[in-house]
Amino acid sequence: MNTEKKPEKLVTIYVNGDEFEEPDGEISYDRVVDLAFPGERGEPNKMFTVTYKRGPSKNEQGSLVEGASVKIKNKMIFDVTPTTRS
């Protein structure tokens, strides 16, 4: 029996125009925000709006809300916009 792990398959995604390689599968809201604005998630009075397009047929386009995840595919595009709570 072969117990070696297969290498993890990576896919390329774009977050605010920057290219990232992520493990194939799902990506969370938190991970997308961390890629777009490292270290800024969790700051009081700061929120982020995340939208995506070019996803798999199950979730081709839409919004990603805090606490949620979406399945990703190669060349999927995410846009993250910071907003300030008033």
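## Strand pairing at E4

Strand E4 (residues 46-53) and strand E7 (residues 76-84) are joined by 8 bridges and run antiparallel. Within strand E7, Thr81 is the residue that stands opposite Thr49. All of this is read from a predicted model.

E4 also pairs with E5, again in the antiparallel sense, here over 3 bridges. The bridge partner of Thr51 is Ser63, which lies in E5. Strands of a sheet pair through backbone hydrogen bonds, in either a parallel or an antiparallel manner.

## The sheet and its helix

These pairings belong to an open sheet of 5 strands. The order is E2-E1-E7-E4-E5, and the pairing is mixed. Strand E2 (18-23) and strand E5 (62-64) stand at the edges. Each has a single partner strand, so one side of each is left without a neighbour in the sheet. On average, neighbouring strands of this sheet are turned by 35 degrees against each other, with direction ignored.

Helix H1 (residues 29-36) packs on the sheet. Helix H1 touches strand E1 (10-15), E2, E4, E5 and E7. The direction of the helix makes about 100 degrees with that of E4.

## The chain as a whole

The chain holds 1 helix and 7 strands. Along the sequence, the pattern reads β-β-β-α-β-β-β-β. The C-alpha atoms fill a box of roughly 60 × 25 × 20 Å, taken along the principal axes.

The chain has 86 residues, and 30% of them count as buried. Take the contacts between residues at least 6 apart in sequence: 51% of these join residues at least 24 apart.

## Surface and charge

The chain exposes about 6100 Å². Carbon and sulfur atoms supply 45% of that area. Among the side chains, 13 are positive and 15 are negative. The centres of the two sets lie 5 Å apart.

## Thr12 in strand E1

Thr12 is found in strand E1. Is Thr12 buried or exposed? Its relative accessibility is 14%, and buried means under 20%, so Thr12 counts as buried.

Leaving aside residues up to four places away in sequence, Thr12 touches two groups of residues. One group is Glu19, Phe20 and Glu21. The other is Lys73, Asn74, Lys75 and Met76. Of these residues, Phe20 belongs to strand E2 (18-23), while Met76 belongs to strand E7 (residues 76-84).

## Glu26 in strand E3

Glu26 lies in strand E3 (residues 26-28). The relative accessibility of Glu26 is 57%, and exposed means over 50%, so Glu26 counts as exposed.

Which residues does Glu26 touch, not counting residues up to four places away in sequence? They are Ser69, Val70, Lys71 and Ile72. Val70 is 44 residues from Glu26 along the chain, yet their C-alpha atoms are separated by 5.2 Å.

Notes:
Residues are numbered from 1 along each chain as its sequence is written. This is a predicted model: local features need pLDDT of at least 70, side-chain atom pairs count only at pLDDT 80 or more; totals for chains, interfaces and linings use all residues. Side-chain values use heavy atoms; hydrogens and water are left out. Helices (H or I, at least four residues) and strands (E, at least two) are DSSP runs, numbered from the N terminus. Buried means under 20% relative accessible area, exposed over 50%, partly exposed in between (1.4 Å probe, protein chains only). Contact means heavy atoms within 4.5 Å. Accessible areas come from the Shrake-Rupley method with a 1.4 Å probe; for residues, only the protein chains shown count as cover. Lys and Arg count as positive and Asp and Glu as negative; His and the chain ends are not counted. The place of a charge is taken as NZ of Lys, CZ of Arg, CG of Asp or CD of Glu. Two strands pair if DSSP finds at least two bridges between them. Axes are lines fitted to C-alpha atoms, for helices over the stretch in contact, and angles run from 0 to 180 degrees between N-to-C directions.
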